[in-house]
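User: Could you take a close look at one part of this model for me, the place where the two domains of a single chain meet? I'd love a connected walk through it.

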Amino acid sequence: MNANISANVIEMAGADVVALRDTLLVAVEDVNWTVASGEFWVIGGQQHSGKSDLLMHAAGLIAPARGTCRTFGVETARFDETQLDERLRVGFVFTGGRLFNQLTIEENVALPLQYHQGFAMAAAAKEVAELLDLLELTPFAGATPSTLAANWRQRAALARALILKPDLLLLDNPLVGLSARHRQWLLCFLDQFWRGHDWFGGRPATVVVATDDLRAWQHPRRKFAMLDKKTFAALGAWGDVESATHHAVKDLLAEPMATIT
Amino acid sequence: MRGKLAKAFELANTQVYRHVPLPKSSANFLRRKLFRALLTLQGQGAFALITLAVALKKFGTARGVVRPRMLQEIFRSGVALLPMFLFVALALGFLVVGQTVSALAKVGATGYLGSTMVIVIVRELGPLLAATLVLTRVGTANVIELGTARALGEVEALEALGIDPVHYLILPRVVGMALGIFGLTVYLILGALVSGYLFAFMQDVALTPRDYLKQIAEALDWLDFALLALKTVSFGFFIAIVTCYHGLAQPLRLEDVSRVAVRAVTQGILVCVLVDALFIVLYLVT
């Protein structure tokens, strides 16, 4: 699973990104975007701008209507069971977590290990317990998602996405609904994960985040892009974002932090 | 898997229908209904084929996850319903078998007892009643669970983890329902026959248990056992397909779930009747 990372992790060329809810509807047109290994990208955009759909294309959950989308060199239009190894190198954290409500937090996190590596629950327990401990989720291991606050559900979803130690982590609006403490924790943890965390073998990872508030992701080494009116535009580094005159970028920067609860 | 689901169901059932609707005049009412029924039939047929293909292709895959889920579903569609089926078997015995035995004894026609019992209980009422009860108890829960999971995006979450939703969510339910309905039907038939005789016995019908059982045994042949197994497994398979199709294979919002559950139960009953009719033809031919 942790094979050598190819130079480009995500490559989109002339891709028309379709909406998940209606695959006949094009959400973003003509996306040309390359994410190199070890990069940290932040994609800004207002609600319904196609951020989630763009990430789902990168994860191989939807194929573009036109153009190509490659993840780890594999065209995602053909991203099925035969490319399972590549798919498992991608971790995806959905908005709100999308945990399986019938399972406990421990079972949610263990599921990918059990399904793909044939681990029994007892065998997976050690690895799961370590990760839950790392993410401070141990007290909630036996709880079902509906009994947890949004802060912890989001963290559990992160644990589930990380259990297979992915090379690429995609996060869809991960700060939504988090308290200030949890937001700060997540930003710090993602930074560590991106630089190379010991639990993940110390190797740097590639991270792509979709957000409707760029300010929280301010960092000199991160790259920024924006979605607006069905158009994808790479903005560059944080300095370029701050100096951008486009009204859509200003809107994303003007969003006061206090409104994110 | 997502691609397969999208192509086979969503496109057929929602997008084509939404984008190319028939005119909404009253004259087109029947044509709209027929068009929609054909789309549903096409979608359910494709869903059944995909489920069978996944069952064959992934036989033995992720056994540690799928097998416990199958056992859980067998428990839910079979073992957990035993108390309710005991009550239904007693009721069926008292209401149908006992009265039939008494009536036949009064007119001195106990010679027809065996064939009457086999036709009414073994071939028809037992399997159909078991299937209908499982449909209402477990089939409805299937639609609600899967529909809620679909509406909350859990299916996409499974796909993002590289887990085939049909393998993880549908296959255990199909196996559970098929085996559950088979087991419950046998239980229901035995319970109804025994309680029916007890009812007749209490009415002082001149029929010994030995004669009663002998007549039933003579009226049964090997084909009854084979077709009973095939019929109940078919009921389980089709009920699971119809209910899971409505829960999983179409994009849903939370507010759609209850409406879809009602539709799934209605279609489930229709499917049971159609399968039953098919087996009547088989009985007549053989």
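Analyst: Across the interface of domain 1 and domain 2 of chain A, six residue pairs are in polar contact, both partners at pLDDT 80 or more; the model here is a predicted one. Salt bridges between these two domains, by contrast, number zero. On the domain 1 side, two elements of chain A each give two or more residues to the surface touching domain 2: strand S7 (168-172) and helix H6 (180-195). Of these, H6(A) gives the most, with six residues. Sorted by class, that side of domain 1 holds 13 nonpolar, five polar and three charged residues.

Now for the wider setting. Domain 1 of chain A is made of two stretches, 8-89 and 167-259, while domain 2 covers 98-165. Their C-alpha centres are 24 Å apart. In the contact itself, 21 residues of domain 1 of chain A meet 19 residues of domain 2.

How much area do domain 1 and domain 2 of chain A bury between them? The figure is about 1800 Å², and carbon and sulfur atoms account for 67% of it. Three residues stand out here: A:His182, A:Trp185 and A:Trp199 supply 40% of the area that domain 1 of chain A buries against domain 2, more than any other three residues.

For a side glance at the contact between the chains, chain B and chain A bury about 2500 Å², with 56% from carbon and sulfur atoms. There the rule does find one salt bridge, which joins the side chains of A:Arg98 and B:Glu156 at 3.5 Å, N to O.

How values were computed
Residues numbered from 1 in each chain as written. Chains lettered and ligands numbered in written order. Predicted model: local features only at pLDDT ≥ 70, side-chain atom pairs only at ≥ 80, totals over all residues. Heavy atoms only, no water. Buried area = accessible area lost by both parts, 1.4 Å probe. Salt bridge = Lys/Arg side-chain N within 4 Å of Asp/Glu carboxyl O. Domains from an automatic or database assignment. Contact = heavy atoms within 4.5 Å. Polar contact = N/O pair within 3.5 Å; in protein donor to acceptor, adjacent residues only side chain to side chain. Helix = DSSP H or I, 4+ residues; strand = E, 2+ residues; numbered from the N terminus. Nonpolar A, V, L, I, M, F, W, Y, C, P; charged D, E, K, R; others polar.
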